[in-house]
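Below is a walk through one protein chain, from its aromatic pairs to its core and its charged side chains. Please keep the sequence and the coordinates at hand while reading.

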Amino acid sequence: MALDVNSYGIANQSNVKQKTIPVNVLGTGVESQYRNVKERIDSVEEFIFGSIEMANTLIIKDAINIMKANAKLNVIIQSKKYKMANMIFDDLLDLSGINITKSNNYQHDSVLGIIKSVNTDRYIITTLNELSDTLITNIILTVDKNHTSNASDYIDTDQYEVSCDAGITWSRIQADTLFIVDPLKRIGSQLQFRFNISGDTELLSYAYTWSS
């Protein structure tokens with residue numbers, strides 16, 4: 001009976017002591033960088049959300065890299081098909097191939113290698129001049145894009161132009177189609193492109209190949 005009384009007394013003392021400790025405290029004698037259980041839970045949730053966000057970013061980045069790789073393969077195939085001697089591929093991880101003074105209404109994501117609109121209906125991207133050793137006769141342009149619009153009736157209104165004389169004169173060019181320079185306009189060897197892109201379209205990469 002004495003043992004039961006002692007046990008009851010100890011339990012009663014523990015119960016009284018527990019009532020003096022706030023519910024959100026980790027516990028007497030417990031050391032932690034968190035002041036209470038809520039802070040600890042909040043920290044765990046923040047870590048989980050951060051991990052999910054990081055995973056999503058990696059998934060998106062991998063998907064974009066695969067698309068870029070396919071685009072590069074496509075231009076290589078086009079180059080071999082038409083026996084082109086020169087090729088440029090820009091993955092847009094930086095803006096080293098873009099003429100920023102002649103481009104407008106765009107923003108650049110250097111992590112994903114994406115160019116997109118700055119909340120405008122359209123944006124203009126102009127490439128830097130690429131000097132050819134001889135007069136340019138044949139050109140193929142490949143543009144890799146991502147349409148952010150979910151509309152089922154989406155119409156591609158993007159336009160592309162090419163210049164062989166450093167931007168003095170321009171001609172309309174279709175992507176993934178052999179462009180033959182007018183014999184009467186074969187006067188230049190400085191290749192340049194201009195893209196007029198819809199605001200709901202992201203530019204992932206571009207490439208071009210040419211011959212003389």
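**Rings, core and salt bridges**

There are 5 aromatic pairs, where rings of Phe, Tyr and Trp (its six-membered ring) pair if their centres lie within 6.5 Å, with planes under 30 degrees apart counted as stacked, over 60 as edge-to-face and the rest as tilted. Tyrosine 160 and phenylalanine 195 form an edge-to-face pair, because their ring centres are 5.7 Å apart and their planes stand at 85 degrees. Tyrosine 160 belongs to strand β7 (residues 159-163) and phenylalanine 195 to strand β10 (residues 190-198), so the pair ties together parts 35 residues apart in sequence. Strands here are DSSP runs of E, at least two residues long, numbered from the N terminus. The model is predicted: local features need pLDDT of at least 70, side-chain atom pairs count only at pLDDT 80 or more, and totals for chains, interfaces and linings use all residues. Residues are numbered from 1 along each chain as its sequence is written, and side-chain values use heavy atoms, leaving out hydrogens and water.

Both tyrosine 160 and phenylalanine 195 are buried (under 20% relative accessible area, with exposed over 50% and partly exposed in between; 1.4 Å probe, protein chains only). Ring pairs join these two with Phe193, Tyr206, Tyr208 and Trp210 in a cluster.

The largest nonpolar core (buried Ala, Val, Leu, Ile, Met, Phe, Trp, Tyr and Cys residues joined through side-chain atoms within 4.5 Å) has 24 residues, and Ile139, Leu191, Phe193, Phe195 and Leu203 have the most contacts inside it. At least two residues of this core come from each of β4 (122-126), β6 (138-147), β7, β10 and β11 (201-211).

Salt bridges (a side-chain nitrogen of Lys or Arg within 4 Å of a carboxyl oxygen of Asp or Glu) number 4 in the whole structure. One of them joins glutamate 161 and arginine 194, with the closest N and O atoms 2.8 Å apart. Glutamate 161 is in strand β7 and arginine 194 in strand β10, so this pair ties together parts 33 residues apart in sequence. Glutamate 161 is partly exposed at 24% relative accessible area, and arginine 194 is partly exposed at 26%. Arg122, Lys145, Asp156 and Asp158 are joined into one network by salt bridges that share partners. Within it, lysine 145 meets aspartate 156 at 2.8 Å, N to O, and aspartate 158 at 2.7 Å. Lysine 145 is buried, at 16% relative accessible area, whereas aspartate 156 is partly exposed at 42%.

Note on methods:
Helix = DSSP H or I, 4+ residues; strand = E, 2+ residues; numbered from the N terminus.
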